[in-house]
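Colleague: Please take me through one part of this model closely, namely the open sheet and what packs on it. A few words on the whole chain would help to place it.

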Amino acid sequence: MRYGFVKVAAAVPAVRVADTEFNAAQIISTIKAAADDGVEIVSFPELCITGYTCQDLFRSDVLLDGAEEALRKILAATEHLSTIAIVGMPVKLSSMLLNAAVVIQKGRILNIVNKTYLPNYNEYYEKRWFQTDCRETTIRLAGQEVVMTCENDSIIEVDGGVRFGVEICEDVWTPIPPSGKLALAGADIIFNLSASDDLIGKHQYLRSLLAQQSARCLCGYVYASCGFGESTQDVVYGGNALIYENGKLLAANERFKIVDEGCQMMTAQIDVERLRSERRANTSFSTMAAGVESHVLKADAAVSADMPFSLEMSVNPHPFIPSTDDMAASCEEILNIQTLGLCRRLHHIHGKCAVIGISGGLDSTLALLVTVRAFDRLGIDRKGIVGVTMPGFGTTGRTYNNALSLMQSLGITTREISITKSVTQHFADINHDINNHDVTYENGQARERTQILMDLSNQLNGIVVGTGDLSELALGWATYNGDHMSMYGVNAGVPKTLIRHLVNYVAMTEVDEQSKATLLDIIDTPISPELIPADEQGNIKQKTEDLVGPYELHDFFLYYMLRFGFSPKKIFMLAKRAFDGTHPSAGKYDDATIRKWLTTFCRRFFNQQFKRSCLPDGPKVGSVSLSPRGDWRMPSDAASALWLAECEAL
């Protein structure tokens, strides 16, 4: 396991019913291929050494002895391989016969897992041949002695890596599957050896079942079911190879494929570190896990430390942005959350007035659109929304005109209050050189604007609706007690990369043509606080992303650092893959650029916590929030040394 990733495989080999020698050869070649591909654990279908559909042949010592001899050959042929394999076979135990999964590595049997629940409702009545009522015992199999329990409470812990458990087919279909207890006991991944026949409608149900179980157990789930070669006397086995991680399908094969020799093998890298982070954050899971015990068995490392690591999965460069298929529904959901949050606050205070600073930029535009929605939903006249444009030293004609145009077309009350005279007077009062464009020059303007909004809200008996977004809060890109402050911050849970999509959604679906044209131009305007005078052509001179870095990078860092607690080292690795130029909607950044802005993010995130410790109320809209009252509690004086040291070592 490197960077928390474990490479697993679900294999569906060619099979001949009762031909154990042929089946063993297919399994051996598949394990070798898996090892060559860097797979750490590979799972095969139920009873794959004999074939699942042997029926009463399971009563024959010839078949059972042949299965044991086949296992000997598999062990001998793979004794030099570190890859762990899980194969299915019938195992004799005194007067009983077990439908078992045998876990092997380097020619050694690590564990034998008996099937917990035997079906007795389809064409193959397993209770006719197999039993489950056994106690802890020592089994001698293929010349090795193995201590086995029939409670299926054994977990294998791979040296320096993953912990996994095994269940067999029917087990996952039961009300309380063994995988639930195994996950609570610490299994990161569950492997299911299955023989599930295909019926109309069953496949979709199966996929839903596995997705739910992997999500409920916060685990990886690897499912391998028998396919072509099994008897089609009464039913057909299509051959499923499915790999899930916390409800998400990572890999799936093509069913009903004719495979005379060889194997269908699906591989995926499961992020165990991510799963463990989810479990630690889920107090319900950790509460249930308390006191759950299991037998822990040890295995050697399943991959050489010298083998180079390559991330095979694609990484979404914009984790906050919904997929294209879900975009409209997700935008509507987010806007409804923001709108209802503001509606509740206005309803509680019997408010009929909201004051918003309108700059002509993205953040204030989204806040205005949300406020308009809230007033419409509450049946309040839009004239109760007071939009205030406050031109200053850095205001450009483009943003100024867009602010006025949008307020006019949306039918709200428009106020224009220049801050030039008041800020000039303020600089004279504190003896600050107006030509010195330092932090005092910038913050003085931001605080003057906030003072105007606050005083206006008092005068009009209204509230100030905040405009600052999640990305700015993470970076501390806000003036303390300036634009940092409001009476309700509707954008507090929305990252910068998502705001463009929300504004675009409203432009395309909810407003008149004039408003639409203005909104689209706002989307195309460079992000800027406009606190520094424009250039000679009147264009924006102060561009935020030139100063703090690209927001698509910072939002990526923010998501993985807060959502899963990933280290800079892992975030850097993921970012390199996400921004390698292969994703059509993402920028391409070299390693040095990613390292530079990741270091900036870590430094600013720690240094600016004091601004987040006193945030106004605002609605959470996604899985990441910086509210000091619930989602993110951090000392304002926490040291960033460990994170920065790791950044420097990249």
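Modeller: What follows starts with the chain as a whole, moves to the sheet and its helices, and ends with one residue elsewhere.

This is a predicted model. The protein chain contains 20 helices and 20 strands, and its C-alpha atoms fill a box of roughly 100 × 50 × 45 Å along the principal axes. Of the 650 residues, 56% are buried. Among contacts with a separation of 6 or more, 75% join residues 24 or more positions apart. The chain exposes about 27,200 Å², and 49% of that area comes from carbon and sulfur atoms. There are 60 positive and 77 negative side chains, with the centres of the two sets 3 Å apart.

Now the sheet. Strands of a sheet pair through backbone hydrogen bonds, in either a parallel or an antiparallel sense. Here the sheet is open and has six strands in the order 5-4-3-2-1-14, with mixed pairing. Its edges are strand 5, residues 108-114, and strand 14, residues 263-271, each of which pairs on one side only. On average, neighbouring strands are turned by 30° against each other, direction ignored.

At one edge, strand 5 pairs with strand 4, residues 96-105, in the antiparallel sense, and six bridges join the two. Within this pairing, valine 103 has asparagine 111 of strand 5 as its bridge partner.

Helix 1, residues 20-36, packs on the sheet. The strands that helix 1 touches are strand 1 (5-13), strand 2 (41-43), strand 3 (84-93), strand 4 and strand 14. The direction of helix 1 makes about 35° with that of strand 14. Helix 5, residues 272-281, lies across strand 1 and strand 14. The angle between helix 5 and strand 14 is about 50°. Strand 14 is thus an edge strand that is touched by helix 1 and crossed by helix 5.

One single residue is worth adding for detail. Asparagine 402 lies in helix 9, which spans residues 397-410. Is asparagine 402 buried or exposed? Asparagine 402 counts as buried because its relative accessible area is 9%, and the cut-off for buried is under 20%. Leaving aside neighbours within four places in sequence, asparagine 402 is in contact with Thr518, Asp521, Ile522 and Thr525.

Conventions. Residues are numbered from 1 along each chain as its sequence is written. This is a predicted model: local features need pLDDT of at least 70, side-chain atom pairs count only at pLDDT 80 or more; totals for chains, interfaces and linings use all residues. Side-chain values use heavy atoms; hydrogens and water are left out. Two strands pair if DSSP finds at least two bridges between them. Helices (H or I, at least four residues) and strands (E, at least two) are DSSP runs, numbered from the N terminus. Axes are lines fitted to C-alpha atoms, for helices over the stretch in contact, and angles run from 0 to 180 degrees between N-to-C directions. Contact means heavy atoms within 4.5 Å. Buried means under 20% relative accessible area, exposed over 50%, partly exposed in between (1.4 Å probe, protein chains only). Accessible areas come from the Shrake-Rupley method with a 1.4 Å probe; for residues, only the protein chains shown count as cover. Lys and Arg count as positive and Asp and Glu as negative; His and the chain ends are not counted. The place of a charge is taken as NZ of Lys, CZ of Arg, CG of Asp or CD of Glu.
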